[in-house]
Amino acid sequence: MPKNKTHKGAAKRIRVTGTGKLVAEHTNNQHKFEHKSGSRKRRISGTAELNPADTSRMKKLLGI
């Protein structure tokens with residue numbers, strides 16, 4: 001059987017924590033900040049745990 005390849009696009013966006021959770025950056029956090037309120041910018045900064053509905057699909061892409 002051939003080996004499964006890691007989906008490199010997913011690997012660049014998602015990382016696995018030490019406990020096995022998947023975390024990623026919030027969306028809408030790259031540009032056009034002058035149109036976004038300060039509270040919105042603070043809310044979308046940093047990382048967030050992936051939704052459990054998406055976790056199984058992302059683990060398959062990452063080969064976990």
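Reader: Which elements do the buried residues of α3 pack against?
Author: This is a predicted model: residues are numbered from 1 along each chain as its sequence is written, local features need pLDDT of at least 70, side-chain atom pairs count only at pLDDT 80 or more, and totals for chains, interfaces and linings use all residues. Helix α3 spans residues 52–62 (helices, H or I of at least four residues, and strands, E of at least two, are DSSP runs numbered from the N terminus). Its buried residues (under 20% relative accessible area; exposed is over 50%, partly exposed in between; 1.4 Å probe, protein chains only) pack, by contact (heavy atoms within 4.5 Å), against α1 (8–13), β1 (14–16) and β2.

Reader: How wide an arc do the buried residues of α3 cover around the axis?
Author: The buried residues in α3 are Thr55, Met58 and Leu62. They sit on the same side of the helix, because their arc (taken from the directions from the helix axis to the C-beta atoms) is only 80°.

Reader: Which exposed residues does the face turned away from the buried side carry?
Author: Helix α3 has a buried side, with Thr55, Met58 and Leu62. The face turned away from that side carries Ala53, Ser56 and Lys60.

Reader: Which backbone oxygen does the side chain of Thr55 reach?
Author: Thr55 lies in helix α3 and is buried, at 19% relative accessible area. Side-chain values use heavy atoms, with hydrogens and water left out. Beyond four places in sequence, Thr55 touches Leu22 and Leu50. At 2.9 Å its side chain makes a polar contact (N or O atoms within 3.5 Å, within protein one able to donate a hydrogen and the other to accept it; residues adjacent in sequence count only if both atoms are side-chain atoms) with the backbone oxygen of Asn51.

Reader: Which elements give two or more residues to the largest nonpolar core?
Author: That core (buried Ala, Val, Leu, Ile, Met, Phe, Trp, Tyr and Cys residues joined through side-chain atoms within 4.5 Å) has seven residues: Ala10, Ile14, Leu22, Ala24, Leu50, Met58 and Leu62. The elements that give two or more residues to this core are β2 and α3.

Reader: Which residues does Ile14 touch, not counting those up to four places away in sequence?
Author: Ile14 is one of the seven core residues. With residues up to four places away set aside, Ile14 touches Leu22, Val23, Ala24, Leu50, Met58 and Leu62.

Reader: What separates the C-alpha atoms of Leu50 and Glu25?
Author: Leu50 lies in the loop between β3 (47–49) and α3, and is buried at 15% relative accessible area. Neighbours within four places aside, its contacts are Ile14, Leu22, Val23, Ala24, Thr55 and Met58. Leu50 and Glu25 are 25 residues apart along the chain, yet their C-alpha atoms are separated by 9.4 Å.

Reader: Which residue forms a salt bridge with Arg57?
Author: The count of salt bridges (a side-chain nitrogen of Lys or Arg within 4 Å of a carboxyl oxygen of Asp or Glu) comes to one. Both partners lie in α3, three residues apart, about one turn of the helix. Arg57 is partly exposed at 48% relative accessible area, and its partner is partly exposed at 28%. With the closest N and O atoms 3.2 Å apart, that partner is Asp54.

Reader: How far from Lys36 is the nearest side chain of opposite charge?
Author: Lys36 sits in the loop between β2 (22–25) and α2 (38–44). Its side chain reaches the backbone oxygen of His31 at 3.1 Å. Lys36 is buried without a salt bridge, and the nearest side chain of opposite charge (Lys and Arg positive, Asp and Glu negative; His and chain ends not counted) is that of Glu34, at 9.4 Å.

Reader: Which residues is Lys36 in contact with, leaving aside neighbours within four places?
Author: One partner, Lys41, is in helix α2 and partly exposed at 31% relative accessibility. Lys41 also touches Phe33. Taken together, the contacts of Lys36 are Asn28, Asn29, His31 and Lys41.

Reader: What positive phi does Lys32 have?
Author: Most residues other than glycine have a negative phi. Asn28 is not a glycine, yet has a positive phi of about 60°. Lys32 lies in the loop between β2 and α2, and is exposed at 54% relative accessibility. Lys32, again not a glycine, has a positive phi of about 60°.

Reader: Which residue just after α3 takes a positive phi?
Author: Helix α3 covers residues 52–62. Just after it, a positive phi of about 75° is taken by Gly63.
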